[in-house]
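Biologist: I am new to this one. Can you show me the structure and let me ask how each label was earned?

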Amino acid sequence: RILPVEGASPLAFAEANPAEPFPITLDGHGATVDVSGLPQGGPFIVNILAWPRFKVYADGKPIPFAPDDWGRMRVDVPPGAKTLDAAYLPPWKMGFIWMLGLAMFAIICIILLYRYQ
């Protein structure tokens with residue numbers, strides 16, 4: 001259960017009107033915001049930390065984002081956009097390389113232990 005805090009900004013809002021919240025859905029990949037209520041587009045804040053591994057899409061097309069003064073995602077929503085997706089893309093490739101390297105190191109250690117026992 002989420003309790004509202006008086007005077008706090010919503011999770012997604014137009015920069016020009018921070019009191020009006022936009023519908024947002026949070027899940028394992030990031031956030032999806034319904035921005036159809038902002039037909040003219042413009043500066044928009046998604047209240048998620050603007051980490052470099054995030055990618056932001058407006059109706060499936062990538063758009064740039066930058067952190068605002070609070071470190072939240074600030075994007076310029078194109079006019080006519082219906083949805084805004086902020087997807088976190090973790091570095092899986094680097095994780096698999098590290099995992100493979102550690103597994104090989106462990107196998108070599110086991111072979112050496114059995115050989116020189």
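Modeller: What follows is a set of short questions and answers about a predicted model.

Biologist: What makes arginine 72 buried or exposed?

Modeller: Its relative accessible area is 14%. Buried means under 20%. Arginine 72 is therefore buried.

Biologist: Where does arginine 72 lie, and which residues does it touch?

Modeller: Arginine 72 lies in strand S9, residues 72-77. Leaving out residues up to four places away in sequence, its contacts include Ser9, Phe13, Ile45, Ile48 and Pro67. Contact here means heavy atoms within 4.5 Å.

Biologist: How many aromatic pairs does a search of the whole structure find?

Modeller: The search finds three. One of them joins tryptophan 51 and tyrosine 88.

Biologist: Why is the pair of tryptophan 51 and tyrosine 88 called edge-to-face?

Modeller: Take the distance, then the angle. The ring centres are 6.1 Å apart, and the limit for a pair is within 6.5 Å. The planes stand at 70 degrees, and over 60 counts as edge-to-face. So the pair is edge-to-face.

Biologist: What parts does this pair tie together?

Modeller: Tryptophan 51 lies in the loop between strand S5 (42-49) and strand S6 (54-58). Tyrosine 88 is in strand S10, residues 83-88. The pair therefore ties together parts that are 37 residues apart in sequence.

Biologist: Why are tryptophan 51 and tyrosine 88 called partly exposed?

Modeller: Partly exposed lies between the 20% and 50% cut-offs. Tryptophan 51 has a relative accessible area of 47%, so it is partly exposed. Tyrosine 88, at 32%, therefore counts as partly exposed too.

Biologist: Which residues form one aromatic cluster with Trp51?

Modeller: Phe54 and Tyr88 join Trp51 in the cluster. Phenylalanine 54 also stands opposite tyrosine 88 in S10.

Biologist: How do you know that S6 and S10 pair?

Modeller: Two strands need at least two bridges. S6 and S10 have five, in the antiparallel sense. So they count as paired. Strand S4 (residues 30-34) also pairs with S10 over five antiparallel bridges. There, valine 33 stands opposite leucine 84. S6 and S7 pair over three bridges, again antiparallel, with valine 56 opposite isoleucine 63.

Biologist: What order do the strands of the open sheet take?

Modeller: Five strands run in the order S3-S4-S10-S6-S7, with antiparallel pairing.

Biologist: What makes S3 and S7 the edge strands?

Modeller: Strand S3 (24-27) and strand S7 (61-63) each pair on one side only. From one strand to the next, the twist averages 25 degrees.

Definitions and conventions
Residues numbered from 1 in each chain as written. Predicted model: local features only at pLDDT ≥ 70, side-chain atom pairs only at ≥ 80, totals over all residues. Heavy atoms only, no water. Helix = DSSP H or I, 4+ residues; strand = E, 2+ residues; numbered from the N terminus. Buried < 20%, exposed > 50% of the residue type's maximum accessible area, 1.4 Å probe, protein only. Phe/Tyr/Trp six-rings, centres within 6.5 Å; stacked < 30°, edge-to-face > 60°. Axes fitted to C-alpha atoms, helices over the stretch in contact; angles between N-to-C directions.
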